[in-house]
Amino acid sequence: MSTTLQTSVEPHPVTTISSVGRHAGEVVVIRGWLYNKRESGKLLFPIFRDGTGLIQGVVAKNAVPPEVFDAVKSLTDESSVIVTGKVRADERAPGGYELDVQRVEVVQRVPEDDPFPITRKEHGVDFLMEHRHLWVRTPRQAAILRVRSEIEKAMHDFFDDRDFTRTDPPILTPAACEGTSTLFPVDYFEEQAFLTQSGQLYIEATALALGKVYSFGPTFRAEKSKTRRHLTEFWMVEPEVAYLELDGLMALAEEFVSHIVARVLERRRPELQIIGRDLSKLASVKPPFPRISYDDAVQLLQEGHAKGELEAKFEWGGDFGSPDETYISAQFDRPVIVHRYPAQVKAFYMEPDPKRPELALACDVLAPEGYGEIIGGSQRTASYELLVQRIQQHNLPIEAFRWYLDLRKYGSVPHSGFGMGIERAVAWICGLDHVRETIPFARMLHRLYP
Ligand code: 4AD
Ligand code: MG
């Protein structure tokens with residue numbers, strides 16, 4: 001290990017690559033890694049990264065002591081280094097600056113015979129996922145994680161600005177929220193517990209205590225299907241509001257999604273550019289979003305089938321599959337809200353439409369460009385009797401829901417909420433093919449390592 005890591009003994013200011021612009025003309029210290037290097041005769045062009053960006057260094061043989069030149073010349077990719085150099089503005093440089101290197105201290109050198117496994121050549125996705133702990137260092141992956149972080153910050157700000165209280169639901173739960181087919185069982189001493197599928201039932205309780213609440217945490221579904229949209233562990237943000245009905249919920253969802261997209265466009269343009277996102281597609285994400293009923297959506301699908309754009313004919317009463325969602329969302333330039341689904345395809349806790357009780361007061365937000373469902377939500381059943389009936393119809397253990405039924409006994413009110421899986425939102429906003437790149441370490445059907 002290096003002995004000069006302490007900043008206090010450095011004669012020059014320690015800075016980050018993203019803020020070198022404040023030090024133009026000065027000598028600074030950057031602590032990071034060698035990303036890559038080029039050589040051209042007596043010049044070396046090491047590119048350094050430090051987690052905030054990339055900067056190209058210039059090392060001229062006749063301008064530095066021979067040991068500095070040799071150290072850089074023999075430096076291997078991803079070796080950790082502390083670099084001292086003079087910041088020089090250069091219009092041609094990607095970040096606008098270059099570093100005239102004066103000194104390089106190698107903190108740890110990656111051995112030549114066991115080089116960094118991820119190179120600039122194409123790797124297969126399995127290889128990359130197997131090396132995810134290293135893959136996250138590459139600029140595109142780092143940019144995606146920065147966008148994800150911005151989305152998380154934006155959503156907290158959104159709810160905080162609207163006087164929501166964040167309440168954290170449990171992860172270990174005694175019963176299903178979203179149906180029993182995707183539960184992960186856990187031994188809980190003498191009892192059977194399950195990893196939570198959604199915090200919803202618990203934040204319904206806190207909503208009746210505090211009015212407007214939200215939760216954000218990991219949720220788990222034993223999804224046995226391999227799709228581009230499904231993880232077994234994903235992070236869900238869920239608002240829940242007392243005295244809110246379906247129309248208000250749709251307005252909240254629309255405002256929420258627009259806020260997040262606007263924030264990413266405002267603060268994370270450079271990252272979106274690294275990712276290669278077409279920004280014009282995001283610029284149209286503004287309220288109002290089109291709202292169509294399930295009936296209208298079915299009609300769209302049937303027309304699509306008649307035109308030969310969809311293989312199977314969709315029958316009223318079924319749940320939308322990925323190709324259906326893709327087709328519906330592709331008809332609009334911004335997210336579309338589909339509301340009032342047949343109760344039979346939705347969860348047990350949804351309020352029936354008083355005008356057509358076979359429908360649930362549910363809404364899904366489908367993202368454009370074929371991304372499909374990013375949000376699912378509903379108004380919740382307010383009646384004690386109806387809820388008991390639904391729990392029985394869904395073959396759920398009524399004993400485990402005793403506390404949940406209490407919420408309908410003691411001051412029941414209309415209330416509504418939704419959940420957004422943030423990996424789906426990141427995939428759409430970044431324009432990615434698969435949710436596996438939206439989370440630092442994805443958990444999927446055949447992926448538990450690293
Ligand atoms: O539509 P879902 O199942 O709704 C609920 O869980 C409700 N309890 C939420 C609520 O009303 N508070 O899931 C909500 C969202 C989906 O729209 C999707 O974005 C995401 O969670 N999601 C998944 N994301 C990744 N992988 C999976 N396997 C997902 N399942 C759902
Ligand atoms: Mg859903």
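The following paragraphs describe the ligand site, the domain division and some local backbone features of a predicted model.

The protein chain is divided into two parts by the domain assignment: domain 1 spans residues 17–108, and domain 2 spans residues 132–437. A distance of 45 Å separates the C-alpha centres of domain 1 and domain 2.

Ligand 1 occupies the space of the largest pocket. Its shell consists of 23 residues, and the closest of these are Glu178, Gln200, Glu238, Glu373 and Ile374. By residue class, the shell around ligand 1 contains seven nonpolar, eight polar and eight charged residues. Three strands each contribute at least two residues to this shell, namely S12 (233–242), S17 (372–379) and S18 (415–421). The largest share is that of S17, which provides five residues of the shell around ligand 1.

Polar contacts to nitrogen atoms of ligand 1 involve both side-chain and backbone atoms of the protein. On the side-chain part, a polar atom of glutamate 178 is placed 2.6 Å from a nitrogen atom of the ligand; Glu178 is also listed among the closest residues of the shell. On the backbone part, an N or O atom of leucine 231 is 2.9 Å from a nitrogen atom of ligand 1. For arginine 229, a polar backbone atom lies 3.4 Å from a nitrogen atom of ligand 1. Taken on its own, ligand 1 has 630 Å² of accessible area, of which the protein covers 94%.

Several backbone features were also noted. Most residues other than glycine have a negative phi, and most peptide bonds are trans. Against this background, two cis peptide bonds and one positive phi are described here. Proline 287 and proline 288 are joined by a cis peptide bond, with omega at about 0 degrees. Proline 288 belongs to the loop that runs between helix H8 (280–283) and strand S13 (291–293). A cis peptide bond also links tyrosine 449 to proline 450, again with an omega of about 0 degrees. Proline 450 is located in the segment that follows helix H13 (422–430).

The positive phi belongs to phenylalanine 189, which is not a glycine and has a value of about 50 degrees. Phenylalanine 189 is situated in the loop connecting strand S9 (185–188) and strand S10 (191–195).

Terms used
Residues are numbered from 1 along each chain as its sequence is written. Chains are lettered from A and ligands numbered from 1 in the order in which they are written. This is a predicted model: local features need pLDDT of at least 70, side-chain atom pairs count only at pLDDT 80 or more; totals for chains, interfaces and linings use all residues. Side-chain values use heavy atoms; hydrogens and water are left out. A residue is near a molecule or strand if one of its heavy atoms lies within 4 Å of it. A polar contact is a pair of N or O atoms within 3.5 Å; within protein, one must be able to donate a hydrogen and the other to accept it, and residues adjacent in sequence count only if both atoms are side-chain atoms. Accessible areas come from the Shrake-Rupley method with a 1.4 Å probe; for residues, only the protein chains shown count as cover. On a 1 Å grid over the protein atoms alone, a cavity is a set of points where a 1.4 Å probe fits but cannot get out, and a pocket is an open set with protein on both sides within 12 Å along at least five of seven lines; lining residues have an atom within 4 Å of a point. A molecule sits in a cavity or pocket if more than half of its atoms lie within 2 Å of its grid points. Helices (H or I, at least four residues) and strands (E, at least two) are DSSP runs, numbered from the N terminus. Ala, Val, Leu, Ile, Met, Phe, Trp, Tyr, Cys and Pro count as nonpolar, Asp, Glu, Lys and Arg as charged, and the others, Gly among them, as polar. Domain bounds come from an automatic or database domain assignment.
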